[in-house]
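Please walk me through how the interior of this protein is put together, beginning with one helix and what covers it, and then moving out to the cores and the chain as a whole.

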Amino acid sequence: MLSRIRAIGLTRPGGAAAGLPDDVTLTASDIPAHPEEPEPGRDLPPEIMRQLCGRLDMLEQRANPEFRIAAELAMDTGRRPEEICALPWDCLERDADGAAVLVYDNRKSNRPGRRLPVGQAAARLIAGQKTRVRARYPRTPPGQLVLLPSPRSNPDGHRPVSVAGLGNAHREWVDAMPPLLLADGSEFDKARVVPYAYRHSYAQRHADAGVPIDVLRELMDHASFEVTKRYYRVGEARRREAVDKVTAMQFDRHGNRIWRDAPALLDTQHARYAIGEVAVPFGTCSEPSNVQAGGKSCPLRFRCAGCDHFRTNVSYLPDLTAYLDDLLRSRERLAAAVDGADEWARAEATPSDEEITRVRRLISRISTDIAQLTPADRAAIDEAVTAVRRHRTVTLGMPAVRAPLPAIREEATA
């Protein structure tokens with residue numbers, strides 16, 4: 001954009017960008033990050049998917065049979081509609097071990113010849129369609145055929161069905177169905193049932209089955225983990241499991257392990273967690289006046305390490321570590337001369353040695369317990385911490401214990 005602005009002369013005197021220096025540029029880090037998609041995502045609930053799968057015959061009866069094949073493949077493989085429609089006739093291959101593999105082109109990212117492992121149901125569906133297409137176009141070389149040929153103006157089977165045609169047929173099919181009902185009996189909005197939603201459902205199905213995000217990224221053929229994260233939610237069952245694992249490593253302010261084993265929390269305990277339990281910066285608080293004020297009125301001014309009402313767990317370890325670093329930096333800066341500060345103000349602002357010792361001891365106890373876990377248990381805790389931190393539902397915006405001091409200029413310390 002800046003190159004075009006300069007090329008057409010907008011930076012010359014009198015131009016809209018007059019005076020813009022030649023060394024001004026924009027980098028990827030200057031682009032604001034896209035906001036995360038809110039929950040729930042664009043996936044379709046399992047009960048809705050079952051109702052759709054049970055009525056696929058209606059799609060075949062109302063429209064071109066290729067549209068039913070396209071919809072079923074989208075549900076099963078999670079590929080984009082344009083990737084499904086453009087599949088070549090010879091898209092099904094076998095690995096060295098005989099497992100079925102779908103070969104397709106990721107046109108969005110310009111990645112041709114991608115390989116996706118598929119199940120036997122998808123393999124049989126593709127094989128049956130190949131047989132029908134070959135019988136319909138016996139004189140066309142297989143390398144020139146498409147898997148889903150358009151039924152109109154297509155004498156040689158070269159032209160596939162269009163994405164628009166699939167979308168229109170799919171919409172008519174869904175609209176002609178009886179109401180789609182959720183598990184609680186309420187009606188599901190049919191406007192959400194679009195071909196691309198099957199890609200989100202594919203991602204959610206695998207995430208709920210516990211597929212690691214690095215594997216899911218490969219299955220979705222994404223270039224980055226951040227893109228994959230936008231396609232699925234951590235399901236409630238997995239979230240509860242993560243909470244159980246993290247809660248089993250809960251500590252009091254002295255670093256004593258409260259529970260050694262928490263195989264399953266009560267529903268009431270999960271409900272308290274879901275609303276934040278009166279969150280404080282580094283854990284939870286049960287002090288009555290602070291609870292009544294929603295966690296915003298601590299009589300000790302959030303000196304959590306000195307209060308028996310404070311509880312923390314392994315998911316807050318990064319926050320505790322950052323807090324300790326802040327205490328040490330504040331003490332070091334306040335030790336230097338600060339013009340215009342009374343001694344009592346300096347003493348009040350300076351972190352106490354006891355607080356630093358308590359926080360350091362708490363971090364050490366938590367880290368020691370983590371180090372004693374087996375590699376498998378440690379990996380499970382890491383995964384649970386990631387889920388809990390990402391889906392911590394209440395963020396109270398707690399005030400910092402101390403406002404950070406202004407950064408010291410480099411020339412002042414030189």
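In helix α2, which spans residues 46-53, the buried residues are E47, I48, M49, Q51 and L52, where buried means under 20% relative accessible area, exposed over 50% and partly exposed in between, with a 1.4 Å probe and protein chains only. Helices (H or I, at least four residues) and strands (E, at least two) are DSSP runs numbered from the N terminus. The cover over the buried residues of α2 includes α3 (56-62), α4, α7 (163-176) and α8 (197-208).

This is a predicted model, in which local features need pLDDT of at least 70 and side-chain atom pairs count only at pLDDT 80 or more, whereas totals for chains, interfaces and linings use all residues. Residues are numbered from 1 along each chain as its sequence is written, and side-chain values use heavy atoms, with hydrogens and water left out.

In soluble globular proteins, nonpolar side chains tend to be buried together. Here the largest nonpolar core (buried Ala, Val, Leu, Ile, Met, Phe, Trp, Tyr and Cys residues joined through side-chain atoms within 4.5 Å) has 50 residues, and those with the most contacts inside it are L44, L52, L73, L87, W173, V193 and Y198. Helix α4, residues 65-77, gives the most to this core, with 7 residues. Leaving aside neighbours within four places in sequence, L73 is in contact (heavy atoms within 4.5 Å) with G78, I84, L87, A122, L125, I126 and L147. A second, separate core of 24 residues includes F282, F302, C304 and V359.

Taken as a whole, the protein chain has 18 helices and 7 strands, and 40% of its 414 residues count as buried.
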